[in-house]
Amino acid sequence: MSAVDLPTLTPEQAHEALFGDILTLHETRSATFLPGALDDASRDRLALQGEALLRGLAVIDDGAPRVEDPEHPADPALLRLEAKLDVLTLLMTGFAAAQGALDAPVGLVWSARGAEVQVRGAFAVGTEGTFRMSASDWLPTPLMVPATVIASAAGDGEVTRVWLCFGPLSPSLSDALERHVFRIHRREVAEIRRR
C-alpha cells in the first residue's frame, strides 16, 4: 500500500474503517510504529514469525490443537511442549537480533485490521512501516506486522495518535490475528464473569 493508493481519512473515518464491524480490543500494551518500507522478503519473514508466535501462544494458553487429524489425535501435552519450543525459538531469535528494550506501554485500540496508537514523532498518511506490539503479558518477543498510516492527529508535545492499517498480510497471518483477538476478548469476558 502506498500514499498514492490511500484516500485522506479523518480520524473518525479511519476508526470506522479499522474497527467499525469487527471485534476490537482496548488494551494497555507495549507498542509502537516503526517507519520504513518493507521489501517482500521482510514481509514474508514477519508473516512467518507472526504466525508461529500467535499459533504457539494459542496452544500454550488454550491447549488448542494445531492440526485436526481424526485418525491420529495429538496429545495436548505434546502440542503444548512443541508450542513452548516454538516460542522459545522465537525468543532466542529476538535476543540474537538484539531488537532492543520493550516499548513503553500505551493505550491501544486494535483489531485484526489495524491499530490506533500514540507514538512519538509525526507520520504522514501513507507512511509504511511495522507495527510492533507485545502479544502476551508473559513473553517479551513482540508481534511485528506490516502497517501503513491511514490517519493521524497531533497530540501533546511530540506525541501523535496514528491509525494503522495492517498489511499486506498473508491469509494465514490474517486468520491468526483474528483468532488471537478473539482469544483475548474471550479471556476478558471470562474474567468479568468471575468477578
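E116 counts as buried at 11% relative accessibility, and E116 forms a salt bridge with R161 in this predicted model. The closest N and O atoms of that pair are 3.3 Å apart. R161 lies in strand β6 and E116 in strand β3 (residues 114-120), so the bridge ties together parts that are 45 residues apart in sequence. R161 is partly exposed, with a relative accessible area of 23%. The structure holds 5 salt bridges, and the pair of R161 and E116 is one of the three described here.

**Other salt bridges**

- Side chains of opposite charge can pair when their charged atoms come close.
- D103 forms a salt bridge with R132, with 2.7 Å between the closest N and O atoms.
- This pair links distant parts of the chain, 29 residues apart: D103 is in the loop between α3 and β2 (105-110), and R132 is in strand β4 (residues 128-134).
- D103 counts as buried because its relative accessibility, 18%, is under 20%.
- R132 is buried as well, with a relative accessible area of 14%.
- E27 forms a salt bridge with R29, and their closest N and O atoms are 3.1 Å apart.
- E27 is buried at a relative accessible area of 12%, and R29 is buried at 6%.

**Chain layout**

- The chain contains 4 helices and 6 strands.
- Along the sequence, these elements follow the pattern α-β-α-α-β-β-β-β-β-α.
- Of the 195 residues of the chain, 41% count as buried.
- Among contacts in the chain with a separation of 6 or more, 74% are between residues 24 or more positions apart.

**Surface**

- The chain exposes about 10700 Å², and carbon and sulfur atoms supply 56% of that area.
- L78, L81, L85 and L88 make a nonpolar surface patch of about 400 Å².
- One of these patch residues, L85, lies in helix α3 (residues 76-96).

**Cis peptide bond**

- G167 and P168 are joined by a cis peptide bond, with omega at about 0 degrees.
- P168 is found in the loop between β6 (159-166) and α4 (171-194).
- Strand β6, which precedes this loop, also holds R161 of the salt bridge with E116.

Conventions:
Residues are numbered from 1 along each chain as its sequence is written. This is a predicted model: local features need pLDDT of at least 70, side-chain atom pairs count only at pLDDT 80 or more; totals for chains, interfaces and linings use all residues. Side-chain values use heavy atoms; hydrogens and water are left out. Patches are made of residues with over 30% relative accessible area and no salt bridge: like charges are joined within 9 Å, nonpolar side chains (Val, Leu, Ile, Met, Phe, Trp, Tyr) within 5 Å. Accessible areas come from the Shrake-Rupley method with a 1.4 Å probe; for residues, only the protein chains shown count as cover. A salt bridge is a side-chain nitrogen of Lys or Arg within 4 Å of a carboxyl oxygen of Asp or Glu. Helices (H or I, at least four residues) and strands (E, at least two) are DSSP runs, numbered from the N terminus. Buried means under 20% relative accessible area, exposed over 50%, partly exposed in between (1.4 Å probe, protein chains only). Contact means heavy atoms within 4.5 Å.
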